[in-house]
Amino acid sequence: MSKHYKVHSTKSGQSPSERYFLDPEVGHQKDILTEDDVYCSCLAKTLCHVPVPVTVGFYAPFGCRLHMMLDKITMLMQQEAAQREAEELQRVQWRPRPVRGWGFPRLLWYLVFLQPIITELHLRRKNVQFLFIRFSAWQYAGSDKLWAGLVTTLCEGIRHRYGALPFSVYSVLGNKPATTSGCCHREWHCRRRVFLALLALLAALCLGVGLLYLSLGGHALGHGSASGSVLKVFGGAATTLSGSGLLMAVYSVGKHMFVSQRKKIERLVSREKFGSQLGFMCEVKKEVELLTDFLCFLEIYQRRRLRVVLEVTGLDTCYPERVVGVLNAINTLLSDSHAPFIFILVVDPSILAACLESAGNMKGTADNGYLFLNRTVTLPFSVPIMGRRTKLQFLHDAVQSRDDLLFREITRKLRPPAGEGSEGVQLLAVETQAGAEREQGRIDAEAARRIQEALFCLHDEHDCLYEYVPDNVVSMRRIVNTVPITVRLLQQQQQQANCGGPTPRQAVAWVVLANQWPCRLSWVLQCLEDRQQVGGAPEGRARLWDVFCDNSSELHTMTKALQNVLDLDGDPELFQRFLGADFPFTVAEAQCLLRCTVNLDHSIRRRMGLIRAVRALKPPTPPKSPAGDAPHAINGANSASGSSPAGRNSGNASEAHQPRERAHGGKPRLVA
């Protein structure tokens, strides 16, 4: 083994996966035990002991480090299998039989002349070998029969692993493994019928060839007679019968070699009205059973248990009918209780449940998608929230994968000088370009330093910024890729203004803010812009959180119009802690950073501004009904009769304005 897979036996109670992660000498990137390492180690150890067949529901949303965890689980399962292989070899002193190289002719001999027997010794074997096959449903999303792609991928993976000839020979001449009762240690039974039939065919072929040789030899010597003709007839018949029998066997094996199971299933699917054919799924089930029996034969031959791990990914990106077909295919493959299959269904359960509920052919069967999914999945595994150490490790890897600008600067200085030419021209070029190159080099070096400082804040264990970074690996990469652009723009802006500004830590915090809460940040910026337009902008020292609190009630009234945009935001409590305590950005800092913001969709602000502008328009006053004005007119007359002369004069003055009021409202209005 290489040094990255070294296993020490310092503690006998530790599993290989635990020793791998706890050993500081295993690898330079695995010197700490992250939360994902613990979860993957536990799942890998469970899959090594779980009874088959089993369907693992690997539940996680999109972009949640799924493929990385699958690769880690694959590596741990292979390492656990190697450890159990070594322990079994020390216990029984029997080495597994190889299926390649010099062991290939022996495998063919066993396939033709021997029948395996499932004994108690075989059932008690602990060593296991895993065959990993990854099926991406997205590659077959355009096909009408996605489930056929799942079955053909499984068949093709096993055929590619063990070769086409062994499986073809087993399809023609193989026999299903038998079971025995009692404590029988004999694992192979000689197939006397096959042996005698082949021996008889070879004897008949030799006899026929001999008779033909004798008849032809006698005819050549001039002793042709009736006996020579008889020998010729019998020799030809024996040669023809025995040769045709052997040729038929060879032809069947060759046919299975060139026409694989994948082509058979594709041919059945391509036929018109294949769904109405009687027993179509039965034919597919027979092919799967043949594959299962072949794997059982290889188990006994190799003296180890075999497990086929089929990882199904991308299923939540397909149409609902395709998803139902794949789940039905999985149930078909799992219908055999002895099938050595482990299905890892990598999906988002919310999307998959919605697909099952909306599928037209599942009405009445999967009205509740979660219940239907629970009937298929026998081992649920929900990917947990990314822990602190795992998040720091992912951020560190994302930052280290970038091309360092300081490295570019170093390599630029190490470049050899240009060839010598005219001395005057070179001196003139040096004088004109020296100052610009020095200035540009200083700017690049300063930009590289600021970018490194900003990226270091992301995975700094003593900084609180990593707590606001989401668990999604795609979002992590988006933030890491956006930080250098923001820092460079901020540097150019500060050089033009010839003044200080936000620090690199504030720049990367602003990038995280725009990535995590685009709707709330856009709302605050839109409110500031509207206040500036009307001349009532807050002071530069005012905090953004205070501006948000002053206008949060208005945002609450617009939740229905902005529902899709609000779904982009993260935890609102974290937003309050971000702006209120950890990163209290001011209005002046926000205005400075807004010119450098590239990861915020400005269409969100335009949409908010349009909604606010429409709501600011006051609707016209509706006309009043005559029935409602009559009581008010009577009350006005009574009050006028009991009032002083001054009151009557005011009433007359109000009547003078009634014509204009009629022109606007249609009815005279009483003025208090």
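Me: Why is R389 called partly exposed?

Reply: R389 has a relative accessible area of 36%. Buried would need under 20% and exposed over 50%, with partly exposed in between, so at 36% R389 gets the middle label. Bear in mind that this is a predicted model.

Me: Where does R389 lie, and what does R389 touch, not counting residues up to four places away in sequence?

Reply: R389 lies in helix α15, which covers residues 388–400. Its contacts, with those close neighbours set aside, are L33, T34 and E35. The C-alpha atoms of R389 and E35 are separated by 6.8 Å, although the two residues are 354 apart along the chain.

Me: How much of the protein joins up over long stretches like that? What share of contacts between residues at least 6 apart in sequence join residues at least 24 apart?

Reply: That share is 81%. For the wider picture, the protein has 28 helices and eight strands, and 42% of its 672 residues are buried.

Me: What makes N551 count as buried?

Reply: Its relative accessibility is 9%. The cut-off for buried is under 20%, so N551 counts as buried. N551 sits in helix α21, residues 544–557. Leaving aside neighbours within four places in sequence, N551 is in contact with W523, C527, R531 and R612.

Me: Which helices do the buried residues of α24 pack against?

Reply: They pack against α18 (473–497), α19 (504–516), α20 (518–534) and α21. Helix α24 spans residues 587–594, and its buried residues are V587, A590, C592 and L593.

Me: Over to the other end of the chain. What is the angle between α2 and α3, and why is the packing called oblique?

Reply: Helix α2 (residues 35–47) and helix α3 (residues 66–92) pack at about 50°, their axes 9 Å apart. Under 35 degrees would be roughly parallel, and 65 to 115 would be roughly perpendicular. An angle of about 50° fits neither range, so α2 is oblique to α3. The crossing of the two helices is right-handed.

Me: Which residues make that contact, and how do they divide by class?

Reply: From α2 come D36, D37, C40, S41, L43, A44, K45 and L47, and from α3 come M69, K72, I73, L76, M77 and E80. By class, that gives eight nonpolar, one polar and five charged residues.

Me: How do you know that β7 is mostly covered?

Reply: Strand β7 runs over residues 341–347, and seven of its seven residues are buried. Each of them therefore falls under 20% relative accessible area. In a regular strand the side chains alternate between the two faces of the sheet. In β7, F341, F343, L345 and V347 are buried on one side, and I342, I344 and V346 are buried on the other, leaving both faces covered.

Me: What makes β1 and β6 count as partners of β7?

Reply: The cut-off for pairing is at least two bridges. Strand β1 (residues 54–59) has six bridges to β7 and strand β6 (residues 305–313) has five, so both clear it. Each pairing is in the parallel sense. As examples, the bridge partner of F58 in β7 is V346, and the partner of V312 in β7 is L345.

Me: There's also a sheet with the order β4-β2-β5. Why are β4 and β5 called its edge strands?

Reply: β4 (178–179) and β5 (188–190) each pair on one side only. The sheet is an open one of three strands.

Me: And what makes its pairing mixed?

Reply: Strand β2 (residues 114–118) and β4 run parallel, joined by two bridges, whereas β2 and β5 run antiparallel and are joined by three bridges. Two bridges are enough to count, as the cut-off is at least two. Both senses are present, and the sheet is described as mixed. On the β4 side, I117 stands opposite A178 and I118 stands opposite T179. On the β5 side, P116 has W188 as its bridge partner.

Me: Is β2 itself mostly covered or mostly open, and which helix packs on this sheet?

Reply: β2 is mostly covered, with four of its five residues buried. Helix α4 (residues 103–113) packs on the sheet and touches β2 and β5. The direction of α4 makes about 85° with that of β2, and the range for roughly perpendicular is 65 to 115, so α4 is roughly perpendicular to β2.

Notes: Residues numbered from 1 in each chain as written. Predicted model: local features only at pLDDT ≥ 70, side-chain atom pairs only at ≥ 80, totals over all residues. Heavy atoms only, no water. Contact = heavy atoms within 4.5 Å. Axes fitted to C-alpha atoms, helices over the stretch in contact; angles between N-to-C directions. Parallel < 35°, antiparallel > 145°, perpendicular 65-115°, else oblique. Left-handed = near helix turned anticlockwise from the far one by under 90°. Nonpolar A, V, L, I, M, F, W, Y, C, P; charged D, E, K, R; others polar. Buried < 20%, exposed > 50% of the residue type's maximum accessible area, 1.4 Å probe, protein only.
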